[in-house]
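Colleague: Could you take a close look at one part of this predicted model for me, namely the aromatic rings and what surrounds them? I would like one connected account.

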Amino acid sequence: MKAAIWHGKKDVRVEEAALPVISAGKVMIQTAWAGICGSDLHAYHHGMGIPVEHVHPLTGQKAPMTMGHEFSGIVTEVGEGVTGIQPGDRVAIEPLVYCGECEYCKKGHYNQCLSVGFIGLHANGGFAEYVVVEPKMVHKLPENVTLEEGALVEPAAVALHAVRESKLQVGDKVAVFGAGPIGLLTVLAAKAAGASEIVVVDVSQERLEKAKVIGASHIVNAAEVDTVSTILALTDGIDVAYEAAGAQPTFTNALSVTKKGGQVMVIAAFAKPVEIDLFQMMVKETSVAATLAYRHIYPEVIRLIASKQMDVAQVITKKIDLVNIVEEGFELLMTDKTQAKILVNTNG
């Protein structure tokens, strides 16, 4: 089969790989669509996230590794002992790998597992024609959810988990800093959760226009206006600011526009530490929180997609074939800021 395999920094090769072998208690998936995520870009451009010298403690794998953790597909085979899943089922995959035994797993917080990992980063993933996964990772899609939408369940889960873990109440005003895929999906999640006004901030006018189409009340181009004064003039202050850009200026501005008692919820991964104005936090009694991935939320995300309360297809800007993933995927996303979510046809 064909697979996009990470060998090192800026060294991803689409090459022939052996078909995975199914065993008892496992499920074989013929992949359909897979999304390119920000963490995939970090792995490709900076060599971050994929184990090189030591194997992952739960998967036993290290580079070279097949990438891809946002994907959908069709079940082709189930191993002995697997129930409730049948060949032909259309599914989205929840790619978290966790031990189930540590104190966090026992509390149900498996995304905080002491050995947490992801298919596509710590085990062979979905940028391939076939993959073998555990049954707990398999979530069936209703007939009115396409396989393209199924590939967006994972990033939508990131956004919805952040919104659910935040202090957002129905009628609140929110700001989303960063109009990339996660930021756009956060707009959809906040809207579904009852936000009355949603301000989106970015430096790409094309991405901002996309945010406006999917539900933003106001858009702010940080390259053209002063972000803080503009948002305060529009809203008189923000209840919850979602940081989905991962940069010092956006974090600083997110903190500055929150009301007293407001919150900054960090969703983005920051490449380096940021400075925090603790005096401002104290005076306003602002809280700063962060989320990692998601937990116990896939069924709700799929329900919201099926009901069109989260119309995730709106964030797709390009579809490509697996053989072109480097040039038309990883490289393009670093240079073309009009792109949001690029989907890869893994079996075309």
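Modeller: Phe251 counts as buried, because its relative accessibility is 3% and the limit for a buried residue is under 20%. Its place in the wider picture comes from a search of the whole structure, which finds 5 aromatic pairs. One of these is the stacked pair of Tyr44 and Phe330, whose ring centres are 4.9 Å apart and whose planes are 20 degrees apart. This pair joins distant parts of the chain, since Tyr44 lies in helix α1 and Phe330 in helix α11, 286 residues apart. Both Tyr44 and Phe330 are buried. Phe251 itself pairs with Phe270, and here the arrangement is edge-to-face, with 6.5 Å from centre to centre and 85 degrees between the planes. That pair, too, links distant parts of the chain, with Phe251 in helix α8 (residues 248–257) and Phe270 in the loop between β15 (258–266) and α9, 19 residues apart. Unlike the buried Phe251, Phe270 is partly exposed, with a relative accessible area of 25%.

Returning to the stacked rings, Tyr44 and Phe330 belong with Phe127 to a cluster linked by ring pairs. Around Tyr44, the buried residues of helix α1 (residues 38–46) also include Asp40, Leu41, Ala43 and His45. The elements that cover the buried residues of α1 include the strands β1 (2–8), β2 (11–16) and β3 (27–35), together with helix α11 (326–335), the helix that holds Phe330. Just after α1, Gly47 takes a positive phi of about 75 degrees.

Phe127, the remaining member of the cluster, is also one of the residues touched by Thr346, whose other contacts, setting aside residues up to four places away in sequence, include Trp33, Ala34, Gly126, Ala128, Glu129 and Leu322. Thr346 sits in the segment after β18 (341–345) and counts as buried, because its relative accessibility is 3%.

On the side of the chain's surface, Phe279, Met282 and Val283 form a nonpolar patch with about 340 Å² of accessible area together. Val283 is found in helix α9 (residues 278–284), the helix that follows the loop holding Phe270, and it is partly exposed, with a relative accessible area of 43%.

Definitions and conventions. Residues numbered from 1 in each chain as written. Predicted model: local features only at pLDDT ≥ 70, side-chain atom pairs only at ≥ 80, totals over all residues. Heavy atoms only, no water. Helix = DSSP H or I, 4+ residues; strand = E, 2+ residues; numbered from the N terminus. Buried < 20%, exposed > 50% of the residue type's maximum accessible area, 1.4 Å probe, protein only. Contact = heavy atoms within 4.5 Å. Patch = residues over 30% accessible without salt bridge, like charges linked within 9 Å, V, L, I, M, F, W, Y side chains within 5 Å. Areas by Shrake-Rupley, 256 points an atom, 1.4 Å probe, with all protein chains shown as cover. Salt bridge = Lys/Arg side-chain N within 4 Å of Asp/Glu carboxyl O. Phe/Tyr/Trp six-rings, centres within 6.5 Å; stacked < 30°, edge-to-face > 60°.
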